[in-house]
Amino acid sequence: MALAEEMHERLEAVFQPKHLEIRDDSESHRGHSGFQEGGESHWHVSIKADAFAPMSRIERHRAVHAALGADIVGRIHALELKIDV
């Protein structure tokens with residue numbers, strides 16, 4: 001299974017988002033630190049879910065990282081998050 005699919009499944013299961021977009025931005029980082037051939041190193045996630053309402057910005061980021069799990073977070077170099085309620 002592709003990494004984007006794994007990320008989508010985990011975030012969907014935990015947050016039941018109203019909106020979820022996952023984009024591999026790796027190619028735009030070619031030549032930069034952490035770039036790996038074949039992509040899947042630099043990600044952008046845009047997510048909107050009611051579950052984030054009571055959380056601070058830091059708590060939201062931590063919740064997304066926890067939902068993705070250490071196995072996924074450990075395989076990527078950069079994760080840009082846009083989190084809305």
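In this predicted model, Arg-23 and Glu-21 are joined by a salt bridge, with 3.2 Å between their closest N and O atoms. Both partners sit between the extremes of burial and exposure: Arg-23 is partly exposed at 34% relative accessibility, and Glu-21 is likewise partly exposed, its relative accessible area being 33%. Elsewhere, salt bridges with shared partners bring Glu-6, Arg-10, Asp-71 and Arg-75 together in one network.

This pair is one of seven salt bridges in the structure. Another of them connects Asp-71 with Arg-10, whose closest N and O atoms lie 2.8 Å apart. Here the contact reaches across distant parts of the chain, since Asp-71 belongs to helix H3 (residues 70–73) and Arg-10 to helix H1 (residues 3–15), with 61 residues separating the two. Asp-71 has a relative accessible area of 40% and is therefore partly exposed. Arg-10, at 26% relative accessibility, also falls in the partly exposed class. These two residues are the ones already met as members of the network with Glu-6 and Arg-75.

A further salt bridge brings together the side chains of Lys-18 and Asp-50, at an N to O distance of 2.8 Å. This contact, too, links distant parts of the chain. Lys-18 is found in the loop between H1 and strand E1 (19–24), while Asp-50 is in the loop between strand E2 (42–48) and helix H2 (57–68), and the two are 32 residues apart. Both ends of this bridge are open to the surroundings by the accessibility criterion, for which the cut-off is over 50%: Lys-18 is exposed with a relative accessible area of 52%, and Asp-50 is exposed with 51%.

Turning from charged groups to rings, the structure contains one aromatic pair. It is formed by Phe-15 and Phe-52, whose ring centres are 4.6 Å apart and whose planes meet at 35°, so the arrangement is tilted. Because Phe-15 lies in helix H1 and Phe-52 in the loop between E2 and H2, the pair ties together parts of the chain that are 37 residues apart in sequence. Both rings belong to buried residues, as buried means under 20% relative accessible area: Phe-15 is at 6% and Phe-52 is at 0%.

Taken together, helix H1 is a recurring meeting point in these contacts: Arg-10 of this helix pairs with Asp-71 of H3, and Phe-15 of H1 pairs with Phe-52 in the loop between E2 and H2. That loop also holds Asp-50, the partner of Lys-18.

Note on methods
Residues are numbered from 1 along each chain as its sequence is written. This is a predicted model: local features need pLDDT of at least 70, side-chain atom pairs count only at pLDDT 80 or more; totals for chains, interfaces and linings use all residues. Side-chain values use heavy atoms; hydrogens and water are left out. A salt bridge is a side-chain nitrogen of Lys or Arg within 4 Å of a carboxyl oxygen of Asp or Glu. Helices (H or I, at least four residues) and strands (E, at least two) are DSSP runs, numbered from the N terminus. Buried means under 20% relative accessible area, exposed over 50%, partly exposed in between (1.4 Å probe, protein chains only). Rings of Phe, Tyr and Trp (its six-membered ring) pair if their centres lie within 6.5 Å; planes under 30 degrees apart count as stacked, over 60 as edge-to-face and the rest as tilted.
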